[in-house]
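Trainee: Please give me a close look at a single part of this structure, explaining each term as it arises.

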Amino acid sequence: TLFMERQYSPEDHLISLTQKWIGSILLMGAVLFPALEFMDYFVSPDKFMRFMMYRLIISAILVALYFLNKLRQGKLYQYVIAATGATLSAVTVEIAILQRGGQSSSYYAAMMILTICCLGFAPMNMPLSFLLVGIVYTVYVVPIVLTENITSGVFISNTAFLISMFVIGLL
């Protein structure tokens, strides 16, 4: 016949779901970053405007990634979009962490929210999940370890909470 029915492919369906969910996560991040700005007013009023700029920049980047995500469909393409969004989001949070107490900053909790978004919504394979967790953890810990003399028990506690979140998320 002129119109042949395409056979159902679980792999194609999974790729389609991954694309849709990564798009949803990118939009969620684009909304959450500025929506959580009110915290900066209370926690870091002296950095409120600077942090707002960081939040608006990452939101714009996440929206751009959302549109890039819609351009094509393919597992590797969607995974690169997800890794890029996760990395840039983690870097944005880390910049605020370093400017708000570094090893003792309460802003580390945003890395847990990021982990939930990375692992909790889109169907991803285990290697990508490990990669995303590794990116978030590396972006959090390396700048602090390289630029500070670790003296805070809070840093150890924050790190333990992050690692616990990573393990739970990966399981």
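Mentor: The account below follows helix α1 and its packing partners.

The model is predicted, so local features need pLDDT of at least 70 and side-chain atom pairs count only at pLDDT 80 or more, while totals for chains, interfaces and linings use all residues. Residues are numbered from 1 along each chain as its sequence is written, and side-chain values use heavy atoms, with hydrogens and water left out.

Helix α1 covers residues 10–35; a helix here is a DSSP run of H or I with at least four residues, numbered from the N terminus. From first C-alpha to last, the 26 residues of α1 reach 37 Å, close to the expected 38 Å, the expectation being 1.5 Å times one less than the number of residues.

Several residues of α1 are buried, among them Ile15, Gln19, Ile22, Leu26 and Phe33, where buried means under 20% relative accessible area (1.4 Å probe, protein chains only). The buried residues of α1 pack against α2 (37–43), α3, α4 (75–99) and α5 (109–120).

Consider α3 (residues 48–71) next: its axis comes within 8 Å of that of α1, and the two cross at roughly 165°. That makes the pair roughly antiparallel, a term for angles over 145 degrees. Axes are lines fitted to C-alpha atoms, for helices over the stretch in contact, and angles run from 0 to 180 degrees between N-to-C directions. The crossing of α1 and α3 is left-handed, that is, the near helix is turned anticlockwise from the far one by less than a right angle. Residues of α1 including Gly23, Leu27 and Pro34 meet residues of α3 including Leu56, Leu62 and Tyr66; contact means heavy atoms within 4.5 Å. This contact comprises 13 nonpolar, five polar and two charged residues. Ala, Val, Leu, Ile, Met, Phe, Trp, Tyr, Cys and Pro count as nonpolar, Asp, Glu, Lys and Arg as charged, and the others, Gly among them, as polar.

With α4 the arrangement is as follows. The axes of α1 and α4 are 10 Å apart, at an angle of about 20°. The two helices are therefore roughly parallel, which applies to angles under 35 degrees. Their crossing is left-handed. Glu11, Thr18 and Ile22 are among the α1 residues in this contact, and Lys75, Ala82 and Val93 are among those of α4. Eight nonpolar, six polar and two charged residues make up the contact of α1 with α4. The 25 residues of α4 should span 36 Å, which agrees with the 36 Å between its end C-alpha atoms.

How values were computed
Parallel < 35°, antiparallel > 145°, perpendicular 65-115°, else oblique. Buried < 20%, exposed > 50% of the residue type's maximum accessible area, 1.4 Å probe, protein only.
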